[in-house]
Amino acid sequence: MKLLENKVTLITGASRGIGKGIAELFAKQGSNIAFTYLSSDEKAKQLESELASYGIKAKGYKSDAANFAAADALVNDVVTEFGTIDVLVNNAGITRDTLLMRMSEQQWDDVMNANLKSVFNLTKAVQRPMLKAKRGSIINMSSVVGVKGNAGQSNYAASKAGIIGFTKSVALELGSRNIRCNAIAPGFIETEMTAALDEKVVQQWRDSIPLKRGGTAVDVANLTLFLASEMSAYITGQCINVCGGMLT
Ligand code: NAP
């Protein structure tokens with residue numbers, strides 16, 4: 001039996017990386033998929049047809065998760081097209097890394113808006129269909145950096161720590177309505193973004209991880225699937241690391 005048969009999942013930032021991995025796994029598990037992206041039109045089109053080949057309904061939306069009005073309009077469009085939203089995965093995120101001494105107001109604002117405000121925007125908007133359906137699972141992509149901090153990433157770490165506080169509060173507010181909310185804290189996950197880094201540096205990271213490898217989008221997607229499905233029916237308000245033991 002498929003774990004998400006006939007469900008509707010909305011995933012932000014799925015044109016590549018972890019979001020794409022989640023979309024692929026969820027589609028294989030029977031979920032219809034609405035996903036967003038910011039600028040990768042070609043990749044989004046390709047993903048739409050790949051997902052549809054698993055026999056589910058799939059649609060990509062060009063929509064800025066950081067924009068409150070756009071997020072609200074997106075959720076209305078998805079509900080009109082798909083009927084409801086059972087699962088929301090707040091995955092879209094960016095980095096603008098630099099030391100605090102050099103960080104501009106713009107770099108701070110861009111990261112907070114794309115990573116944290118986006119989670120508020122989408123979660124607030126999906127409350128309506130989820131309250132109506134009397135069920136839902138919301139999964140927010142944090143980071144081990146949000147738990148531990150990281151030099152050169154004070155903006156990113158603050159946004160990811162904010163996601164954890166938001167997740168726990170939403171879980172407390174909506175638990176009685178059968179709506180669960182959890183966060184995932186990935187460690188070093190090898191995506192297109194990390195492929196651009198110096199191989200020597202990447203190897204040093206791998207060597208420092210207890211499981212001796214970087215994570216994959218599938219490693220993160222597997223936990224996301226568990227949190228989306230009824231397998232995790234009694235789990236809410238948690239932040240779970242997927243980091244190969246990096247943060248232990
Ligand atoms: P990625 O490869 O850079 O992909 C980011 C995705 O988000 C893309 O689809 C991008 O769309 C989309 N996006 C960015 N800003 C957006 C916005 N304002 N509105 C809508 N979509 C937007 O990132 P990733 O490595 O897969 O990371 C995914 C999530 O996991 C992020 O939240 C990240 O912080 C978190 N994370 C990643 C790692 C890691 O090691 N990779 C570790 C911990 C946490 P376009 O393609 O159109 O730009």
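**Helix crossings and aromatic pairs**

In this predicted model, helices H1 and H9 are oblique to each other, since their axes, taken over residues 17-28 for H1 and residues 217-228 for H9, cross at roughly 55 degrees and come within 8 Å. The crossing of H1 past H9 is right-handed, and the contact is made on the H1 side by Gly17, Ile18, Gly21, Ile22, Leu25 and Phe26, and on the H9 side by residues including Ala217, Val220, Ala221 and Leu225. Sorted by character, the residues of this contact are nine nonpolar, four polar and no charged.

Let me turn to the second helix pair, H3 (residues 68-82) and H4 (residues 105-133), whose axes come within 9 Å and cross at roughly 35 degrees; this crossing, too, is right-handed. Among the residues making the contact are Phe68, Ala71 and Asp72 of H3, together with Phe120, Lys124 and Arg128 of H4, and the contact of H3 with H4 divides into 10 nonpolar, two polar and four charged residues.

How many aromatic pairs does a search of the whole structure find? The search finds two. One is Phe68 with Phe120, which is stacked, at 5.9 Å centre to centre and with 20 degrees between the planes, and which links helix H3 to helix H4 across 52 residues of the chain. Phe68 is partly exposed at 38% relative accessible area, and Phe120 is partly exposed at 35%.

Phe188 and Trp205 form an edge-to-face pair, 4.7 Å centre to centre with 65 degrees between the planes. Phe188 lies in the loop between strand S6 and helix H7, and Trp205 in helix H8, so this pair ties together parts 17 residues apart in sequence. Here Phe188 is buried, at 9% relative accessible area, whereas Trp205 is partly exposed, at 37%.

Conventions:
Residues are numbered from 1 along each chain as its sequence is written. This is a predicted model: local features need pLDDT of at least 70, side-chain atom pairs count only at pLDDT 80 or more; totals for chains, interfaces and linings use all residues. Side-chain values use heavy atoms; hydrogens and water are left out. Axes are lines fitted to C-alpha atoms, for helices over the stretch in contact, and angles run from 0 to 180 degrees between N-to-C directions. Helices (H or I, at least four residues) and strands (E, at least two) are DSSP runs, numbered from the N terminus. A crossing is left-handed if the near helix is turned anticlockwise from the far one by less than a right angle, and right-handed if clockwise. Contact means heavy atoms within 4.5 Å. Ala, Val, Leu, Ile, Met, Phe, Trp, Tyr, Cys and Pro count as nonpolar, Asp, Glu, Lys and Arg as charged, and the others, Gly among them, as polar. Angles under 35 degrees count as roughly parallel, over 145 as roughly antiparallel, 65 to 115 as roughly perpendicular and the rest as oblique. Rings of Phe, Tyr and Trp (its six-membered ring) pair if their centres lie within 6.5 Å; planes under 30 degrees apart count as stacked, over 60 as edge-to-face and the rest as tilted. Buried means under 20% relative accessible area, exposed over 50%, partly exposed in between (1.4 Å probe, protein chains only).
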